[in-house]
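This report goes through a single protein chain, from one residue to its domains, cores and helix pairs. Please keep the sequence and the model open while reading.

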Amino acid sequence: MKIVSVVGARPQFVKLAPIHKAAVAAGVEHVIVHTGQHYDPMLSDVFFDDLGIAAPDVHLGVGSGSHGVQTGAMLAAMDAVFDEHRPDWVLVYGDTNSTIAAALSAVKLHIPVAHLEAGLRSFNRRMPEEHNRVMTDHAADLLLAPTQVAVDHLANEGLAERTVLVGDVMTDVLFEVRDAIGARPSALIEELGLAPGEYYVATIHRAENTDDPERLAVVAASLAGLDKPVILLAHPRVVAKAAAHGIELTQGALIAHAPLAYHDLIGAVLSSAGVVTDSGGLQKEAFLLRIPCTTVRTETEWVETVEMGWNVLANSAEEIAAAVSRPHPDATDDAPYGDGHAAERVIRVLQDQAQGSR
Ligand code: UD1
C-alpha cells in the first residue's frame, strides 16, 4: 500500500512524525510532500530533524501569500505529484491551507482522501481554519476523528458512515517526547535564568489576535501585566505585525523569544507555571502535561480541556490575569485524547479500507 502525506505547517510536522513511524513499521510505502507553507528552519526543518522524520520526497516551495494565492499555488502544483505517485490514499492533516489544497486536488483526481484530525469545529466561520476543516471533511472519503466530540460533529453533518475514531496522534508524539525528556532541565530555563514554576510560556499567532494592531496591542499589554515572566515564543507572523505597528513584544513581564524546537518547547512547558496561547495544539499539550492553560480566543475546538477545568478562555486583560492566577485545576485521569497509539490505528484503518472499498 502507498500513502502520500501532504504537510506544510508546523503542527502538521508534529502529527506526521508518529504517522511516518507507524507507516514504516507496517511496511507501508510512505511518500511525504511538503507544500512549503512554512519555510523558516525553526518552523520546519527542525521538526523533521528532531522528530526523526524522513526528509520530504517532494517539496513544492510555495511559501507565504494571501489565502487564495497560497492555496491556489499549492493546488496547481499538487496535481502532477498525485498523478505521478497514484497512491492508495492521500492523507491530509488538520486545518491549514495545505490541507484543503491537497484534499481538493486529490478528490478531483479520484484518489481516495483520508483526513486526519477530522471533525474539529470552532463554529467560528471567521477563522480560516474552520473553512478549511469543514470543506476538507466534506470532500474526504475517510474521516479519522481524534475525539468522541469530533465524531459527534461529523455525525451531525451527515458524515457518520465515513468516520472512524482513532484518537489523537499528537498524544502519541507528546508522550514519547515527555518520556525522553524525563527530568532533564529545560534549555529555556537555563538560557534565560528562569526559576522552575515561576514563568509562563506564551504563543500568539492567530489572525484574530495579530492582524488588527489594536487587538495585538491589547494582547501584548495583557501579557506584559501578568505576575510572572511571560516567555512569548514568537511566530514570525506576530513579530512582523508587531514591528509594522510599533508594538513592543518585550515589555513589562513579557519577553519575546524565538520559537523553540519541539523537545525544547515541551521541556519549557513542563517546568512552567502555565501556558497562555491561541494555538490549538498547545492547549491540548498543556492538558496532557497537566499544566494549566489560558486560551486567548472566544472558543476552542478542544472543548474537553475546558470542561475538565485545565483550560480557560480569556480575552480581555482582566480575564487573562484572572485565568492565569486561578486555583490549580483538579487532578484527573480522563483521557479524551486517546492512549498514545493513534498513529498505529490510523495505518491499520488505511490498510483495511484500501482494498475493501475500491
Ligand atoms: C498556519 C495555519 C494555522 C496554524 C499555523 C501554525 C492556515 C490558514 N493557517 O498559520 O492554522 O495554526 O500555521 O503555525 O493555514 N511566515 C514566515 N515564515 C514561515 C511561515 C510564515 O515568516 O515559515 C510568516 C509570513 O509572514 C506569513 C505569515 O507568517 O505570511 C503567516 O503564515 P501562514 O503560513 O500563511 O499562516 P500561519 O499564521 O503560520
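Is Ala-17 buried or exposed? Ala-17 is buried, because its relative accessible area is 8%, where buried means under 20%, exposed over 50% and partly exposed in between, using a 1.4 Å probe and protein chains only. The model is predicted, so local features need pLDDT of at least 70 and side-chain atom pairs count only at pLDDT 80 or more, while totals for chains, interfaces and linings use all residues. Residues are numbered from 1 along each chain as its sequence is written, and side-chain values use heavy atoms, with hydrogens and water left out.

**Two buried alanines**

Ala-17 lies in helix 1 (residues 10-25); helices (H or I, at least four residues) and strands (E, at least two) are DSSP runs, numbered from the N terminus. Leaving aside neighbours within four places in sequence, Ala-17 is in contact with Leu-51, Ile-53 and Val-173, contact meaning heavy atoms within 4.5 Å. Of these partners, Ile-53 is 36 residues from Ala-17 in sequence and 5.7 Å away in space, C-alpha to C-alpha.

Ala-118 sits in the loop between strand 5 and helix 5 and counts as buried at 0% relative accessibility. With neighbours within four places in sequence set aside, its contacts are Asp-137, Leu-143, Leu-144, Ala-145, Pro-146, Ala-150 and Leu-154. Ala-118 and Ile-189 are 71 residues apart in sequence, and their C-alpha atoms are 36 Å apart in space.

**Domains and cores**

The protein chain is divided into domain 1 (2-168 + 338-356) and domain 2 (176-324), with bounds that come from an automatic or database domain assignment. Taken over C-alpha atoms, the centres of domain 1 and domain 2 are separated by 26 Å. Their contact takes 23 residues from domain 1 and 19 residues from domain 2.

In soluble globular proteins, nonpolar side chains tend to be buried together. The largest nonpolar core here has 92 residues, and those with the most contacts inside it are Ile-19, Leu-51, Phe-82, Leu-91, Leu-144 and Tyr-262. Domain 1 and domain 2 both give residues to this core, so it lies between them. A nonpolar core is a set of buried Ala, Val, Leu, Ile, Met, Phe, Trp, Tyr and Cys residues joined through side-chain atoms within 4.5 Å. Apart from the largest core lies another, of 24 residues, including Leu-226, Leu-249, Leu-254 and Val-276.

Which residues are in contact with Phe-82, leaving aside its neighbours within four places in sequence? They are Val-4, Val-6, Pro-87, Val-90, Ala-102, Ser-105, Ala-106, Leu-109 and Ile-111.

**Helix pairs**

Axes are lines fitted to C-alpha atoms, for helices over the stretch in contact, and angles run from 0 to 180 degrees between N-to-C directions.

| Pair | Angle | Axis separation |
|---|---|---|
| Helix 3 (residues 67-85) and helix 4 (residues 97-108) | about 40° | 8 Å |
| Helix 4 and helix 5 (residues 128-139) | about 25° | 9 Å |
| Helix 7 (residues 169-181) and helix 13 (residues 280-288) | roughly 50° | within 11 Å |

Helix 7 is therefore oblique to helix 13. Angles under 35 degrees count as roughly parallel, over 145 as roughly antiparallel, 65 to 115 as roughly perpendicular and the rest as oblique. Helix 7 passes helix 13 in a right-handed crossing; a crossing is left-handed if the near helix is turned anticlockwise from the far one by less than a right angle, and right-handed if clockwise. Helix 7 contributes Met-170, Thr-171, Leu-174, Phe-175 and Arg-178 to this contact, and helix 13 contributes Gly-281, Lys-284, Glu-285 and Leu-288.

Helix 3 and helix 4 are likewise oblique to each other, and helix 3 passes helix 4 in a right-handed crossing. Phe-82 is among the helix 3 residues in this contact, and Ala-102 is one of those from helix 4.

Helix 4 is roughly parallel to helix 5 and passes it in a left-handed crossing. Here Asn-97, Thr-99, Ile-100, Ala-103 and Val-107 of helix 4 meet Asn-132, Met-135, Thr-136 and Ala-139 of helix 5.

**Positive phi**

Most residues other than glycine have a negative phi. Arg-86, which is not a glycine, has a positive phi of about 40°. Arg-86 is placed in the loop between helix 3 and strand 4 (89-93) and counts as partly exposed at 44% relative accessibility. Glu-117, also not a glycine, has a positive phi of about 75°. Glu-117 lies in the loop between strand 5 (113-116) and helix 5 and, at 9% relative accessibility, counts as buried.
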